[in-house]
Amino acid sequence: MTEQEPIYRGKAKSIFRSENPDELIVKFRDDITAFDGAKKDELSSKGVYNAKVSAYLFRYLEENGVRSHFVRMEDERTMIVRPLEMIPVEVIVRNIAAGSLVRNYPIEEGTPLDPPVIVLDYKDDERHDPMINDEIIVALGFMTAEEIEAVKQTALKINDLLKGKVDAIGLDLVDFKLEFGRHGDEILLGDEISMDSMRLWDKQTHASMDKDVYRFDKGDVMTTYAEVAKRLAGEE
Ligand code: C5P
């Protein structure tokens, strides 16, 4: 069988058509990138760890009433999903100040944010994902005001659910990014939830256990990803 061309190749995942028109095939590659692709590497098994954690968290969210594109795993790096028409808005939930919040605003890293802060970014690499707001999203026709409100409520529910899981493995859920898309009349959670899209700190030492290890050369990236995958989703 010849290898099929992807219908979409992102920075870390490739998407292929499936024989079933209501399914797509997502392959988690071993590529890792940061700073809008300015820093890139290939790290053996990285895709497997992210696929494993994403699948585990999508199943956990589904069990708790959050619908996503996740259907099933085909193999250790291949996820079968429902096709979504993606909404180009990144929904970021922050529990502790870090990253771009600290770079862009006068707030000290590590400051607890209670209630959590939701930040919406327009997903566009060339424009470096600028922050967007409800009014601009409505003006651009991406979502109605009601849909934005529903997505924010879902993001806060996901935050509560993820915080529980992450707390239980000795980590703080600092922040994370979600993406949503349309499937018929529904807006479903899409993309992935992994060490690439969450910021996780060790509760005691505040050491990074996520992609910041790669972004800022803070240690061995694969040891970190393997450790989080093991603590969260079990086995080796
Ligand atoms: O860079 P920033 O502090 O805004 O990132 C907030 C959170 O969103 C981090 O957990 C980061 O890994 C995630 N993120 C992402 N993809 C982006 C931007 C941010 O997964 N394009």
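This report walks through the fold, the core, the two domains, the ligand shell and two loop residues of the structure above.

**The overall fold**

Keep in mind from the start that this is a predicted model. The chain is built with 6 helices and 12 strands. Its radius of gyration is 17 Å, close to the 18 Å given by the globule rule for 236 residues, so the chain is as compact as a globular protein of that length. Along the principal axes, the C-alpha atoms fill a box of roughly 50 × 45 × 35 Å. Of the 236 residues in the chain, 35% are buried. Contacts also reach along the sequence: among those between residues at least 6 apart, 54% join residues at least 24 apart.

**The nonpolar core**

The largest nonpolar core contains 52 residues, and V91, L200 and V228 are the ones with the most contacts inside it. Helix α1 (residues 46-63) supplies the largest share of this core, 7 residues. Both domain 1 (8-81) and domain 2 (85-220) contribute to this core, with at least three residues from each. To get a feel for the packing, try V228: leaving aside neighbours within four places in sequence, V228 is in contact with V53, M195, L200 and M209.

**Two domains side by side**

The domain assignment splits the chain into domain 1 (8-81) and domain 2 (85-220). Taken over C-alpha atoms, the centres of domain 1 and domain 2 are 17 Å apart. Where they meet, 17 residues of domain 1 are in contact with 20 residues of domain 2. On the side of domain 1 that touches domain 2, β4 (31-34) and α1 are the elements that give two or more residues. The largest share of that side, 7 residues, comes from α1. Sorted by class, the side of domain 1 that touches domain 2 holds 9 nonpolar, 6 polar and 2 charged residues. Helix α1 is thus a good one to find on screen, as it gives 7 residues to the core and 7 residues to this side of domain 1.

**Around the ligand**

Which residues come nearest to the ligand? Of the 14 residues around the ligand, they are G99, S100, K177, S197 and R199. The elements that give two or more residues to this shell are β8 (85-96), α2 (99-104), β10 (171-183) and β12 (198-202). By class, the shell around the ligand has 4 nonpolar, 3 polar and 7 charged residues.

**Two loop residues**

Two residues in loops make a handy pair to look up. T205 lies in the loop between β12 and α5 (212-215), while I107 lies in the loop between α2 and β9 (112-122).

Is T205 buried or exposed? T205 has 8 other C-beta atoms within 10 Å, and the limit for exposed is 12 or fewer, so T205 is exposed. For I107 there are 13 C-beta neighbours inside 10 Å, so I107 counts as partly exposed. Not counting residues up to four places away in sequence, I107 touches A97, L101 and V102.

The table gives a C-alpha separation for each of these two residues.

| Residue pair | Distance along the chain | C-alpha separation |
|---|---|---|
| T205 and G219 | 14 residues | 14 Å |
| I107 and A97 | 10 residues | 7.1 Å |

A97 therefore turns up twice for I107: as a residue that I107 touches, and as the partner whose C-alpha atom is 7.1 Å from that of I107.

Notes
Residues numbered from 1 in each chain as written. Predicted model: local features only at pLDDT ≥ 70, side-chain atom pairs only at ≥ 80, totals over all residues. Near = placed C-beta within 6 Å. Helix = DSSP H or I, 4+ residues; strand = E, 2+ residues; numbered from the N terminus. Nonpolar A, V, L, I, M, F, W, Y, C, P; charged D, E, K, R; others polar. Rg over C-alpha atoms; globule rule 2.2 N^0.38 Å. Buried ≥ 20, exposed ≤ 12 C-beta atoms within 10 Å, placed from the backbone. Contact = placed C-beta atoms within 7 Å. Core = buried A, V, L, I, M, F, W, Y, C linked by C-beta atoms within 7 Å. Domains from an automatic or database assignment.
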